[in-house]
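Let's take a walk through this fold together, moving from the overall layout to a few places that reward a closer look. Please keep the viewer open as you read.

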Amino acid sequence: MAFTLQTLREQAAAGEDSTRQFKSRIDNADSLAAEMAAFANANGGVIFIGVQDDGTLSGITSRELHDANQLIGNAASQHVRSPLVVQTQNILLENGNVVIALTVPAGMDKPYFDRKGVIWLKAGVTEGDYTATAKYIDN
């Protein structure tokens, strides 16, 4: 789905759910990989980077944009097994900042693991991990 500023506002107003997550910033590839693996193991979803948990559109700066795109690429290709092909779209806000819409498709090679071998699954708004002993941990 291509996002306009209006559709972004609508998505933010609807809040987080099992197909939509908000992140004000990203700085940890392992954490992002867990989110991506959980979406891939479910029906896919979108991670909006630059959106607060309450739906406020704060965006990220152009300086942060480069680092975020590099982290997204690394997380999708090196921190998830099997690697994921994701799509990003930059949506410009009135304040000059950008929100990244990171679309993770439903996986074709399920289950997806993080680099530690943990299978992540969506459980409503949160994600949980299933270890080799099938123990569920709710975040």
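Of the 139 residues of the protein, what percentage count as buried? The answer is 42%. Bear in mind as we go that this is a predicted model.

Let's begin with the layout. The secondary structure comes to three helices and nine strands. If you trace the chain from the N terminus on, the elements run α-β-α-β-α-β-β-β-β-β-β-β. Sequence separation is worth a look here too: of the contacts in the protein with a separation of 6 or more, 66% are between residues 24 or more positions apart.

Now turn to the interior. The largest nonpolar core has 28 residues, and those with the most contacts inside it are Leu32, Met36, Leu84 and Leu102. Two or more residues each come from helix H2 (29-41), strand E2 (45-49), helix H3 (62-78) and strand E5 (98-104). Helix H2 gives the most to this core, with nine residues. To see one of its well-connected members, select Leu84: leaving aside neighbours within four places in sequence, Leu84 is in contact with Met36, Ala37, Ala40, Ala76, Val104 and Tyr112. Apart from this core lies another, of 11 residues, among them Ala12, Phe22, Phe48 and Val99.

Next, let's see how H2 and H3 pack. Two packed helices are described by the angle between their axes and the distance between the axes. The axes of H2 and H3 come within 9 Å and cross at roughly 60°. Angles of 65 to 115 degrees count as roughly perpendicular, and those under 35 degrees as roughly parallel; H2 and H3 are therefore oblique to each other. Their crossing is right-handed. Which residues of H2 meet which residues of H3? On the H2 side you will find Ala29, Leu32, Ala33 and Met36, and on the H3 side Leu71, Ile72, Ala75 and Ala76. By class, this contact has eight nonpolar residues, with no polar and no charged ones.

While you are on H3, look at Asn74, which lies in this helix. Is Asn74 buried or exposed? Neither label fits: with a relative accessible area of 31%, Asn74 is partly exposed, because that class covers values between 20% and 50%. Asn74 and Ala29 are 45 residues apart in sequence, yet their C-alpha atoms are 7.1 Å apart in space.

Gly15 makes a good next stop. You will find Gly15 in the loop between helix H1 (5-14) and strand E1 (20-23). Gly15 has a relative accessible area of 16% and is therefore buried, as the limit for that class is under 20%. Not counting residues up to four places away in sequence, Gly15 touches Arg20 and Phe22. Phe22 is also among the residues of the 11-residue core. Asp54 is 39 residues from Gly15 in sequence, with a C-alpha to C-alpha distance of 7.2 Å.

Finally, let's check the backbone. Most peptide bonds are trans. Where does a cis peptide bond occur in this model? One joins Arg81 and Ser82, with omega about -10°; Ser82 lies in the loop between strand E3 (80-81) and strand E4 (87-92). A cis peptide bond also joins Lys110 and Pro111, where omega is about 0°. Pro111 lies in the loop between E5 and strand E6 (113-114).

Note on methods:
Residues numbered from 1 in each chain as written. Predicted model: local features only at pLDDT ≥ 70, side-chain atom pairs only at ≥ 80, totals over all residues. Heavy atoms only, no water. Helix = DSSP H or I, 4+ residues; strand = E, 2+ residues; numbered from the N terminus. Buried < 20%, exposed > 50% of the residue type's maximum accessible area, 1.4 Å probe, protein only. Contact = heavy atoms within 4.5 Å. Core = buried A, V, L, I, M, F, W, Y, C linked by side-chain atoms within 4.5 Å. Axes fitted to C-alpha atoms, helices over the stretch in contact; angles between N-to-C directions. Parallel < 35°, antiparallel > 145°, perpendicular 65-115°, else oblique. Left-handed = near helix turned anticlockwise from the far one by under 90°. Nonpolar A, V, L, I, M, F, W, Y, C, P; charged D, E, K, R; others polar.
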